[in-house]
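Trainee: Got a minute to go through this one with me?
Mentor: Sure, put it up and ask away.

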Amino acid sequence: MQKQTKTILTLLSVSMLAVAGCGQSNNSTAEAKENTVQPTTIAATPESTETPAAKPVEITFYYPVNVGGPLTKVIDGMASAFMEQHPEIKVNPVYTGNYGDNTVKIQAGVQAKQPPDVAVMMSTELYSMLDMNAIIPLDDFIAKDTDIQMADFYPAFVEDTQSEGKTYSLPFQRSTIVMYYNKEMFKAVGLDPEKPPTTWDELVTYAKKLNKDGHVGLEIPGNDDSYWMFQMLARQNATDPKQNIMSSDGKKAMFDTPENVEALQFWLDLSHKYKAMPEGVIDWATVPTDFIQGKTAMMMHTSGNLTNVKNNAKFEFGVAFPPAQKQFGSPTGGGNLYIFKGTSPEKQAAAWEFAKYMTASEQAALFSSSSGYVGVRKSAYDTDAMKKYTADFPQALVARDQLEYAFRELSTHNHGKVSTAITNQIQAALAGEIDAAGALKKAQAEAEQALAPFNK
Amino acid sequence: MEGLNGMNAGWSERLRRNGFGWGLVLPSLLFLCLFTYYPMFKSFWLSFYEKNLATPEPLFVGFDNYINLLHDNVFMKVFSNNIWFAIGTVPTSLALAFLMALFADKAIKGRGLARLSFFYPNMIPMIAVANIWLFLYTPHFGLFARLASWITDQPVNLLGTPDTVMGALVIMMIWKEAGYFMIFYLAGMQQIPKDLYEAAAVSGVGTFTAIRRITIPLTMPTTLFVAVVAITNSFKLVDHLWIMTKGGPNNASNLLLYYIYESTFNFYDQGMAASMTVIMIVLLLLISSLQFFGWDRKIHYE
């Protein structure tokens with residue numbers, strides 16, 4: 001009898017402990033946070049920074065890695081270098097997976113009122129983050145801080161950090177679409193390997209010529225975010241040099257226009273009419289593999305894959321602007337640094353300091369040369385590290401040179417629904433379920449429905 | 001007097017025994033409440049509210065979310081996809097599991113190896129399976145992609161074509177699941193008394209008749225159990241979609257659970273996601289209750 005009561009009591013206390021344990025960890029982190037906040041206020045004043053006892057401001061930094069290669073080491077290394085220069089700030093870098101996982105984690109954090117202090121996130125998340133009231137505008141920091149030199153950033157990358165006159169992020173991990181081509185295959189069919197196609201007509205002629213001997217002429221990926229490739233074709237076919245597929249305030253979609261229908265039709269024709277590209281939806285991740293393995297002579301892909309192709313291709317390859325119809329054009333892609341609401345002003349200031357450091361020219365040069373992403377600042381290309389990198393590997397300059405034709409990636413309110421609407425219809429068209437005009441009409445209707453609440 | 005004493009003793013005895021029982025279930029019950037019943041209740045509550053990017057503060061809308069679902073083409077497509085996925089995977093993997101169990105039950109040489117090789121697909125995590133099969137289906141390189149190209153005499157993109165993507169995923173799932181269900185059949189078959197087969201053999205009954213008249217009827221409880229597990233799995237297993245198709249092309253391979261995830265974390269439409277969650281919970285409850293109410297008893301032959 002006593003034994004049993006004891007057992008019951010033990011079981012009870014075990015379960016209580018277990019539950020309490022869950023709560024405890026929360027408490028302790030909360031305490032830790034308060035502890036760090038207090039000395040921070042002191043640390044902010046110049047006298048106390050010299051006292052070694054002052055505890056540093058602790059900030060959490062979330063970042064995703066979306067391309068191959070050991071980029072986590074590069075970013076963690078940059079964070080430690082920052083802490084050596086700024087002993088008053090402690091950065092905890094958290095690698096969060098790919099862009100999708102990263103956004104989910106940040107979103108969960110925002111809802112639980114424990115957001116990261118600073119994070120790299122897709123440029124396209126801007127309106128979602130604003131609608132969730134999760135991020136702060138950086139204009140005050142920019143106005144006070146002369147070191148930042150906003151004019152030094154490439155304008156194509158700054159475009160998507162802004163909305164309605166305010167700046168909400170700093171460009172960090174940025175890319176454009178470039179065309180990779182296999183020089184040896186060009187030679188084999190009698191094409192000049194130094195003269196890649198520059199127009200749609202040439203692209204078709206070349207791709208048809210190259211489509212033999214067990215490999216295809218061209219591959220354009222169509223799953224995941226197929227709207228990115230569509231934006232490229234749409235801009236190339238646009239008469240207006242500033243035409244995009246959405247309005248800059250993120251409230252209107254402009255998918256269903258005659259020029260866009262032509263652009264999508266061209267994409268379909270590459271496989272159905274000209275037979276130079278495989279039919280159906282081509283997978284994003286297998287396209288670089290196909291190119292490296294010699295299964296396709298040309299591919300359109302992110303410049304973020306430069307290092308991957310450079311390290312793995314066993315042949316000479318060239319990188320060029322994707323060909324023009326009426327003009328050149330490529331949307332930009334990738335992530336910016338955002339600073340979050342709901343933390344203390346000290347933390348936000350520390351986060352700004354960190355974001356500024358990560359986007360300064362030295363760091364931009366280091367990050368670009370180790371990843372293949374485009375250096376976000378003009379001055380990054382004047383650094384010795386970058387000069388050496390681009391001298392050995394001039395292909396890395398193509399994405400940068402293309403920036404004058406680059407423009408904002410699809411970014412709207414209700415971005416998930418709007419981008420899914422266009423992506424799904426492009427996929428349906430590529431799969432032959434619907435024609436180009438019908439697909440864009442449907443996508444337009446779905447997007448308008450998703451945007452309706454924001455146009456009230 | 002004695003009766004009263006006896007009742008008192010019975011009462012305290014019962015309390016003691018029940019208290020001990022409750023003490024035993026308490027730890028898991030607490031966690032179940034925290035991580036299962038509370039979230040379920042919360043989803044149920046949220047399903048009556050509109051909560052998305054346009055309305056960040058929950059707004060009570062009654063049954064509107066459920067009515068909207070009926071008009072949501074994607075939901076309808078995803079739901080019917082899920083039913084086709086279940087129809088595609090469950091009967092075949094059950095039949096295959098039964099045949100494999102018959103084979104693995106026979107006392108032949110290499111029986112251990114046969115059991116292992118049938119069961120091993122189940123030991124590999126779903127994400128790894130998806131990666132292996134993604135490669136098998138990769139155009140130009142993959143074994144199955146080449147096989148399909150050879151048959152149709154043109155390049156085939158099995159995962160990139162709406163007509164073939166579901167079939168491709170169904171085949172993978174059968175490969176993955178059949179070995180698992182085989183284990184249950186194997187256990188079921190080993191419980192069948194051997195003298196039944198001996199009696200049948202003495203009466204000159206052939207192997208196939210013995211299987212049809214003895215093995216199949218006597219493994220019916222296993223079949224019911226395995227069928228319930230298989231059907232619920234066909235609604236629950238979606239890991240492969242992350243790796244292989246993301247539900248595409250154009251939702252051709254999208255399943256209910258993946259669509260719920262998309263609605264929550266991609267569209268931030270929490271009200272709709274909650275109402276779909278409720279529908280899913282009710283559906284799974286209905287399916288699993290087949291096991292507990294009635295059916296189970298009706299198919300016993302003892």
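Mentor: We will take the chain-to-chain contact, then some spots in one chain, and keep in mind that this is a predicted model.

Trainee: Interface to start. How many residues does each chain put into the contact?
Mentor: Chain A gives 44 residues and chain B gives 33 residues.

Trainee: And what area do chain B and chain A bury between them?
Mentor: About 3,200 Å². Carbon and sulfur atoms account for 64% of it.

Trainee: Which three residues supply most on the chain B side?
Mentor: B:Leu53, B:Asn250 and B:Tyr268. They supply 19% of the area that chain B buries against chain A, more than any other three residues.

Trainee: How many salt bridges are there between chain B and chain A?
Mentor: One. It joins the side chains of A:Lys417 and B:Asp269, at 2.8 Å from N to O.

Trainee: What about residue pairs in polar contact across the interface? How many?
Mentor: Six, counting pairs with both residues at pLDDT 80 or more.

Trainee: Which helices of chain B supply at least two residues of the side that touches chain A?
Mentor: Helix H1 (2-46) and helix H12 (256-266) of chain B each do. H1(B) has the largest share of that side, with nine residues.

Trainee: And by class, what is on that side of chain B?
Mentor: There are 16 nonpolar, twelve polar and five charged residues.

Trainee: Switching to chain A on its own. What's the secondary structure count?
Mentor: Chain A has 19 helices and eleven strands. It runs to 456 residues, and 57% of them count as buried.

Trainee: What share of its contacts join residues at least 24 apart?
Mentor: 76%, taken among contacts in chain A between residues at least 6 apart in sequence.

Trainee: Now strand S1 of chain A. Why is it called largely enclosed?
Mentor: Because five of its seven residues, in the run 57-63, are buried. The rest of the structure largely encloses the strand.

Trainee: Which strands does S1(A) pair with?
Mentor: One is strand S2 (residues 89-95) of chain A, parallel, over seven bridges. Another is strand S3 (residues 118-122) of chain A, also parallel, over two bridges.

Trainee: What stands opposite A:Tyr62?
Mentor: In S2(A), A:Val94 stands opposite A:Tyr62. In S3(A), A:Ala119 does.

Trainee: Different spot. Where is A:Asn244?
Mentor: In the loop between helix H10 (226-236) and helix H11 (258-272) of chain A.

Trainee: Is A:Asn244 buried or exposed?
Mentor: Buried, because its relative accessibility is 11% and the cut-off for buried is under 20%.

Trainee: What does A:Asn244 touch?
Mentor: Leaving aside residues up to four places away in sequence, A:Asn244 touches A:Gln231, A:Met254, A:Phe407 and A:Arg408. With A:Gln231 there is a polar contact, side chain to side chain, at 3.0 Å.

Trainee: Last topic, backbone. What is phi at A:Gln149?
Mentor: Near 45 degrees, a positive value in a residue other than glycine. Most residues other than glycine have a negative phi. A:Gln149 is in the loop between helix H6 (139-144) and helix H7 (155-158) of chain A.

Trainee: And what about phi at A:Asp213?
Mentor: Positive too, about 55 degrees, and A:Asp213 is not a glycine. Its loop runs between helix H9 (200-210) and strand S7 (216-219) of chain A.

Trainee: Buried or exposed, that A:Asp213?
Mentor: Exposed, with a relative accessible area of 64%.

Key. Residues numbered from 1 in each chain as written. Chains lettered and ligands numbered in written order. Predicted model: local features only at pLDDT ≥ 70, side-chain atom pairs only at ≥ 80, totals over all residues. Heavy atoms only, no water. Contact = heavy atoms within 4.5 Å. Buried area = accessible area lost by both parts, 1.4 Å probe. Salt bridge = Lys/Arg side-chain N within 4 Å of Asp/Glu carboxyl O. Polar contact = N/O pair within 3.5 Å; in protein donor to acceptor, adjacent residues only side chain to side chain. Helix = DSSP H or I, 4+ residues; strand = E, 2+ residues; numbered from the N terminus. Nonpolar A, V, L, I, M, F, W, Y, C, P; charged D, E, K, R; others polar. Buried < 20%, exposed > 50% of the residue type's maximum accessible area, 1.4 Å probe, protein only. Pairing = 2+ DSSP bridges.
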